[in-house]
Amino acid sequence: MIPVSWFVVLTLFLFSIGALGFIVRRNVIIMLICIEIMLNAVNISLVAFGRALEHTVAHVLVFFVIAVAAAEAAIGLALVVLLFKKTREVHMDEFRLLKG
Amino acid sequence: MEALLSKLVFLYLAVVLIATSILVITNRNAVHAVLWMLVMFFHQAVLFITLDAEFLAAIQIIVYAGAVLVLFLFVVYMINLRTELKIKNFMDFWPAAILVSIALLILIAKGVGSLKLPSPVGDMTPERILAEGHGKVLGKALFTEHILSFEVVGVLLLVAVLGAIVLTRRIRMKGEEA
């Protein structure tokens, strides 16, 4: 049996990489993909904790996280398409409407 | 011997997961990034199987690799910018962002460093999973204890579908006017 701490370390690295990608990438689609990476990183540690504590609630939570991630991807991509049709642009640093 | 083998499998999966996620965030081409994401999802499903969560592995592949990534690919193809391959794909402040990311890593590591797991509290023992199957154990918990959350997630997905349709419908009407 692999200790839970190994899974936590893996989660840490994946989450940091996802956060880094979310901060540095200019492309909105890649930013949404980075959100998926972060959600998946958390899923890994939830499954590992549920397995170690032998409790079903963590696995049920992973189920809900996957459902919410699917909804978030659908809405997010619809917004990206909307932005692209409006401005012909998918780069985050080009949107300056709120800056005035 | 068996313990060594499972550790080797875990290390392989961890290395591939981290390598593919780095490839995703550094790749210039959005299509390549989505395909590396697919490799990452498959390895994560195998990781779930090594944790006796075969139902979650199945929905990981069906929902993520089957539905979400296809959605991403469609949008990438729809708005694929040819100029994307020539211009810079990182923000100007990327060295500072790497520092922030490492600081985040250290902070969370400090936070969970003193973690001590209690003894197992639930009833999802390996013997029960072996006897009934992970899907049945999860389904029993889902449809008795968490039935309200399950219904709410159904409404949430409905709202998301309606939202996506309404948002894209407005675009088409604008296109007709122009």
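This passage describes the fold of chains A and B and the contact between them in a predicted model.

Chain A is an all-helical chain in this model, with three helices and zero strands. From the N terminus on, its elements follow the order α-α-α. The C-alpha atoms of chain A occupy a box of roughly 55 × 25 × 20 Å along the principal axes. Its radius of gyration is 17 Å, whereas a compact globule of 100 residues would have a value near 13 Å. Buried residues nevertheless account for 52% of the 100 residues in chain A. Of the contacts in chain A between residues at least 6 apart in sequence, 54% join residues at least 24 apart.

A helix pair in chain A deserves a look of its own. The axes of α2 (residues 28–53) and α3 (residues 56–87) of chain A come within 10 Å and cross at roughly 180°. Because angles over 145 degrees count as roughly antiparallel, α2(A) and α3(A) are roughly antiparallel to each other. On the α2(A) side, the contact includes A:Val28, A:Leu32, A:Leu39, A:Leu46 and A:Phe49. The residues they meet in α3(A) include A:Leu61, A:Val65, A:Ala69, A:Leu77 and A:Leu83. By class, this contact of α2(A) with α3(A) comprises 16 nonpolar, four polar and one charged residues. The charged class is represented by A:Glu36 of α2(A).

The UniProt record, an unreviewed entry, places the feature "transmembrane region" at residues 6–24, 29–49 and 61–84 of chain A. In the model, the span of residues 29–49 of chain A is 100% helix and 0% strand, and its end C-alpha atoms lie 31 Å apart. Residues 61–84 of chain A are likewise 100% helix and 0% strand, with 34 Å between the end C-alpha atoms.

Chain B is built from helices too, with seven of them and zero strands. Along the sequence, the pattern of chain B reads α-α-α-α-α-α-α. The radius of gyration of chain B is 21 Å, well over the 16 Å that the globule rule gives for 178 residues, so chain B is more spread out than a compact globule. Its C-alpha atoms fill a box of roughly 65 × 40 × 30 Å along the principal axes. Buried residues make up 21% of the 178 residues of chain B. Among contacts in chain B with a separation of 6 or more, 52% involve residues 24 or more positions apart.

Chain B also has a helix pair to examine. The axes of α2 (residues 30–50) and α3 (residues 54–78) of chain B come within 8 Å and cross at roughly 175°. The two helices, α2(B) and α3(B), are therefore roughly antiparallel to each other. Among the residues that α2(B) gives to the contact are B:Val34, B:Leu38, B:Phe41, B:Phe42 and B:Phe48. Those from α3(B) include B:Leu56, B:Ile61, B:Tyr64, B:Leu69 and B:Phe72. The contact of α2(B) with α3(B) divides into 19 nonpolar, two polar and one charged residues.

Finally, the two chains can be viewed together. Their contact takes 59 residues from chain A and 68 residues from chain B. On the chain A side, α1 (4–24), α2 and α3 are the elements that each give two or more residues. The largest share of that side, 23 residues, comes from α3(A). By class, the side of chain A that touches chain B has 44 nonpolar, eight polar and seven charged residues.

Note on methods: Residues numbered from 1 in each chain as written. Chains lettered and ligands numbered in written order. Predicted model: local features only at pLDDT ≥ 70, side-chain atom pairs only at ≥ 80, totals over all residues. Axes fitted to C-alpha atoms, helices over the stretch in contact; angles between N-to-C directions. Helix = DSSP H or I, 4+ residues; strand = E, 2+ residues; numbered from the N terminus. Parallel < 35°, antiparallel > 145°, perpendicular 65-115°, else oblique. Contact = placed C-beta atoms within 7 Å. Rg over C-alpha atoms; globule rule 2.2 N^0.38 Å. Buried ≥ 20, exposed ≤ 12 C-beta atoms within 10 Å, placed from the backbone. UniProt positions renumbered as here; feature names shortened; annotations may be inferred.
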